[in-house]
Amino acid sequence: MSPGEGVSYVTRTFAEELATSRFSTVARIDLRALRALCQSSMETLQQSLSRASGNLCEIEVTDRIQLRPERNGRWDGSWQYRRDCIDFLRTQVDYAILDCGSLKQSGDVLSVAPFVDGVILVVEANRTRREQLSHAERTIEAAQGQILGHVLNKRTYPIPDWIYRRL
């Protein structure tokens with residue numbers, strides 16, 4: 001939805017929890033890194049996945065993964081190539097959790113929404129408005145994506161004043 005809502009934290013926690021099962025392999029991948037790796041080649045992506053220790057592999061934007069402003073390359077120029085990258089991930093791991101930037105900053109989630117099993121929106125409590133959430137849902141659905149649910153992040157539990165007065 002918006003920058004700073006804690007998407008990376010939520011995806012990291014979710015992936016770590018899924019990886020506690022010794023029967024599941026999980027990859028948590030920053031979508032910008034996936035784009036960069038797939039621009040190079042599928043073999044580069046496979047090498048990054050094979051460096052995993054245990055059941056969890058995390059691929060983030062680092063010095064080793066150079067972000068090239070290569071617009072209209074294989075990733076941007078072909079929906080089929082994006083689909084192939086997602087299908088390749090399906091063959092390599094049991095669960096692939098993609099960490100996408102906010103809809104306000106980039107449309108990356110829209111570029112993969114039709115090819116993934118679903119999208120979970122992370123919204124920040126007391127910041128995200130209902131209209132923003134509805135707009136994001138409509139935008140993703142218009143891109144042929146399926147909304148699986150929402151995560152309400154940064155929820156606080158303030159103690160009401162009337163309770164303080166009774167103490």
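**Figure 1. The loop that holds G54.** In this predicted model, G54 belongs to the loop that runs between α3 (42-50) and β2 (56-59). With a relative accessible area of 65%, over the 50% cut-off, G54 is exposed. V26 is included in the view as a partner in space: G54 and V26 are separated by 28 residues in sequence, and their C-alpha atoms lie 9.4 Å apart.

**Figure 2. Overall arrangement of the protein chain.** The secondary structure comprises 8 helices and 5 strands. Followed along the sequence, these elements occur in the pattern α-β-α-α-β-α-α-β-α-β-α-β-α. The protein chain has 167 residues, and buried residues account for 39% of them.

**Figure 3. Helix α1 and its two sides.** The 13 residues of α1 (7-19) should span 18 Å at 1.5 Å a residue, and the end C-alpha atoms are 18 Å apart, so the expected and modelled lengths agree. The buried residues of this helix are V10, T11, A15 and A19. Because they cover an arc of only 160° around the axis, they fall on the same side of α1. Y9 and E17, on the other side of α1, are exposed. As background to this view, an α-helix has 3.6 residues a turn, so residues three or four places apart point the same way.

**Figure 4. Helix α5 and its buried side.** Helix α5 is formed by residues 79-92; for these 14 residues a span of 20 Å is expected at 1.5 Å a residue, and the end C-alpha atoms are 20 Å apart, in agreement. Buried in α5 are Y81, R82, C85, I86, F88 and L89. These residues cover an arc of only 155° around the axis, which means that they are on the same side of α5.

**Figure 5. The largest pocket and its lining.** The volume of the largest pocket is about 810 Å³. Its lining consists of 31 residues, of which A96, I97, L98, G118 and I120 are the closest to the centre. Two or more lining residues come from each of α1 (7-19), α5, β3 (95-99), α6 (108-112), β4 and β5 (147-153). The greatest contribution is that of α1, which gives 5 residues. By residue class, the lining divides into 24 nonpolar, 4 polar and 3 charged residues.

**Figure 6. D99 and its contact with S8.** D99 is placed in strand β3. Its relative accessibility is 6%, and D99 therefore counts as buried, the cut-off being under 20%. The side chains of D99 and S8 are joined by a polar contact of 2.7 Å.

**Figure 7. E124 and its surroundings.** Strand β4 covers residues 119-124 and includes E124. E124 counts as buried because its relative accessibility is 14%. A polar contact of 3.0 Å links the side chain of E124 to that of R127. N153 is also shown: E124 and N153 are 29 residues apart in sequence, while the distance between their C-alpha atoms is 4.9 Å.

**Figure 8. N126 in the loop after strand β4.** N126 is found in the loop between β4 and α7. The phi angle of N126 is near 60°, a positive value in a residue other than glycine. For comparison, most residues other than glycine have a negative phi. At 65% relative accessibility, N126 counts as exposed.

**Figure 9. Helix α7 and the residue Q144.** Helix α7 (residues 130-142) contains 13 residues and reaches 18 Å from its first C-alpha to its last, close to the 18 Å expected at 1.5 Å a residue. Just after this helix, Q144 adopts a positive phi of about 70°, although Q144 is not a glycine. Q144 is located in the loop between α7 and β5. The relative accessible area of Q144 is 61%, and this residue is therefore exposed.

Key: Residues numbered from 1 in each chain as written. Predicted model: local features only at pLDDT ≥ 70, side-chain atom pairs only at ≥ 80, totals over all residues. Heavy atoms only, no water. Helix = DSSP H or I, 4+ residues; strand = E, 2+ residues; numbered from the N terminus. Expected span 1.5 Å × (residues − 1). Buried < 20%, exposed > 50% of the residue type's maximum accessible area, 1.4 Å probe, protein only. Arc of directions from axis to C-beta. Polar contact = N/O pair within 3.5 Å; in protein donor to acceptor, adjacent residues only side chain to side chain. 1 Å grid on protein atoms, 1.4 Å probe; cavity = no way out; pocket = protein on both sides within 12 Å on 5 of 7 lines; lining within 4 Å. Points joined across faces, edges and corners; volume = space filled by probe spheres on them. Nonpolar A, V, L, I, M, F, W, Y, C, P; charged D, E, K, R; others polar.
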